[in-house]
Amino acid sequence: MSENQGNQPFHSYPPQPGQAPEAVAEGLAPPARPASHRGRGRRAGKSVALLAAVAVVAAGVGGGTAALLGDAGSAAAGGGSSVSGTNVSVHTDGTVASVAAAVSPSVVEISTGSATGSGVILSSDGEILTNNHVVSGAGQVQVTFADGSTATATVTGSDPDTDLAVIQAQDVSGLTAATLGDSDAVAVGDQVVAIGSPEGLSGTVTSGIVSALDRDVTVSTGDSSQQQPQQWPFEYGGGRYNGDTGDSTTTYQAIQTDASLNPGNSGGALVNMNGEVIGINSAMYSASAASGSAGLGFAIPVNTVKSVLSTLDDGSSGSSHNV
């Protein structure tokens with residue numbers, strides 16, 4: 001619709017008494033109807049005018065509302081598809097607050113006794129995605145959900161080469177599963193929200209943008225229980241951070257973000273403004289151990305997650321994948 005057309009007034013048809021026919025918006029007048037159907041014609045005309053007015057309002061408020069209307073239309077037509085293990089449709093109004101409200105119930109805190117990380121719920125019965133470095137070598141795993149309830153969990157699949165793992169919480173049901181998005185659709189400058197448990201502070205929400213794509217990040221594939229608590233080391237750009245990664249490492253291409261990440265965010269969700277998980281937070285740079293986030297964090301793209309998820313669901317461990 002052109003700008004001039006968007007400013008035209010809309011009127012019901014036929015014209016009301018005293019209303020000039022010229023006042024009817026061009027192109028909206030329906031064909032003449034038999035006299036016996038005049039009441040129906042008035043109702044139809046009003047419906048057309050209402051729909052047209054809604055379209056003008058949607059165009060005026062910007063892409064967020066238009067996207068919601070598009071989603072509604074797709075749902076009505078039976079369009080769209082879901083990722084296996086993510087059975088919840090997310091609706092937000094494009095604000096950080098709405099994204100946090102929609103996705104926070106799908107993010108958990110993971111404790112291994114010596115360190116704390118985060119995880120993303122994949123199924124209503126307790127399948128949870130996290131980083132391999134969060135749970136590797138853990139003798140016990142405890143999960144704390146957004147409502148404060150807890151459950152024990154076991155590691156059911158891991159892939160050190162992509163630094164991903166799946167754990168299964170015991171005796172739970174009715175959980176809110178996250179919706180996985182498309183990391184190939186992510187662009188530098190996109191606004192994002194990070195949700196996790198930095199320093200054991202469950203449900204912490206930070207926001208920022210995508211700073212860069214395809215950053216080569218190297219992490220250890222060794223037993224995280226042998227590392228200093230919360231100091232998961234990684235390498236980037238020729239430098240080593242948070243300690244020594246050791247001799248056994250893997251490198252993946254990460255999404256870089258300036259959303260604040262701190263120790264404990266590992267395994268948590270990096271989310272777009274539609275409420276879809278587009279990455280799993282995995283590493284953060286800090287100038288010193290005491291200074292916290294420097295606005296330089298990295299996340300494993302969710303499409304990498306999708307490429308290995310079926311293997312993790314099968315309970316495989318130590319498998320090799322090309323990323």
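This passage walks through the predicted model of one protein chain, from its overall make-up to some individual residues.

Some ground rules come first. The model is predicted, so local features are reported at pLDDT of at least 70 and side-chain atom pairs at pLDDT 80 or more, while totals for chains, interfaces and linings use all residues. Residues are numbered from 1 along each chain as its sequence is written, and side-chain values use heavy atoms, with hydrogens and water left out.

The chain holds 6 helices and 14 strands; helices (H or I, at least four residues) and strands (E, at least two) are DSSP runs, numbered from the N terminus. Of its 323 residues, 42% are buried. Here buried stands for under 20% relative accessible area, exposed for over 50%, and partly exposed for values in between, with a 1.4 Å probe and protein chains only. The chain exposes about 15,500 Å², of which carbon and sulfur atoms supply 49%; these areas come from the Shrake-Rupley method with a 1.4 Å probe, and for residues only the protein chains shown count as cover. Taking contacts (heavy atoms within 4.5 Å) between residues at least 6 apart in sequence, 65% join residues at least 24 apart.

A good landmark for the eye is a closed barrel of 6 strands, which runs β1-β2-β3-β6-β5-β4 with antiparallel pairing. From one strand to the next, the twist averages 40°. Two strands are said to pair if DSSP finds at least two bridges between them. Within the barrel, β5 and β6 pair in the antiparallel sense over 6 bridges, and A153 has A169 of β6 as its bridge partner. Helix α6 lies across β3 (127-131), β5 and β6, and runs at about 50° to β6. For such angles, axes are lines fitted to C-alpha atoms, for helices over the stretch in contact, and values run from 0 to 180 degrees between N-to-C directions.

Strand β7 offers a second place to look. This strand is largely enclosed by the rest of the structure, because 5 of its 6 residues are buried. β7 pairs with β8 in the antiparallel sense over 6 bridges, and G196 stands opposite T204 in β8. β7 and β12 also run antiparallel, joined by 3 bridges; here A194 stands opposite L270 in β12. These strands meet helix α4 as well: S98, V99, A100 and V103 are buried in α4 (residues 96-103), and the cover over the buried residues of α4 includes β1 (107-111), β7 (191-196), β8 and β12 (269-271).

Attention now turns to the interior. A nonpolar core is a set of buried Ala, Val, Leu, Ile, Met, Phe, Trp, Tyr and Cys residues joined through side-chain atoms within 4.5 Å. The largest such core has 30 residues, and L129, L164, V217 and V277 have the most contacts inside it. Helix α6 (residues 302-313) gives this core its largest share, 5 residues. Another core, of 16 residues, lies apart from it and has I128, A151, A153 and L175 among its members. Beyond its neighbours within four places in sequence, V277 touches V120, A178, T179, L180, G181, A269, L270, V271 and V302.

Several residues outside helices deserve a closer look. S106 sits in the loop between α4 and β1 and counts as buried, because its relative accessibility is 2%. The side chain of S106 reaches the backbone oxygen of T176 at 2.8 Å. Leaving aside neighbours within four places in sequence, the contacts of S106 are G119, V120, I121, T176, A177 and A178.

Two aspartates are notable for their backbone. D163 has a positive phi of about 55° although it is not a glycine, and D214 has one of about 60°, again without being a glycine. D163 belongs to the loop between β5 (150-159) and β6 (164-169), whereas D214 lies in strand β8 (residues 204-220). D163 is buried, because its relative accessible area is 1%; D214 is exposed, because its value is 53%.

Finally, A138 is placed in the loop between α5 (132-135) and β4 (141-144). A138 counts as partly exposed because its relative accessibility is 26%. A138 and T112 are 26 residues apart in sequence, and 5.8 Å apart in space from C-alpha to C-alpha.

Terms used. Polar contact = N/O pair within 3.5 Å; in protein donor to acceptor, adjacent residues only side chain to side chain.
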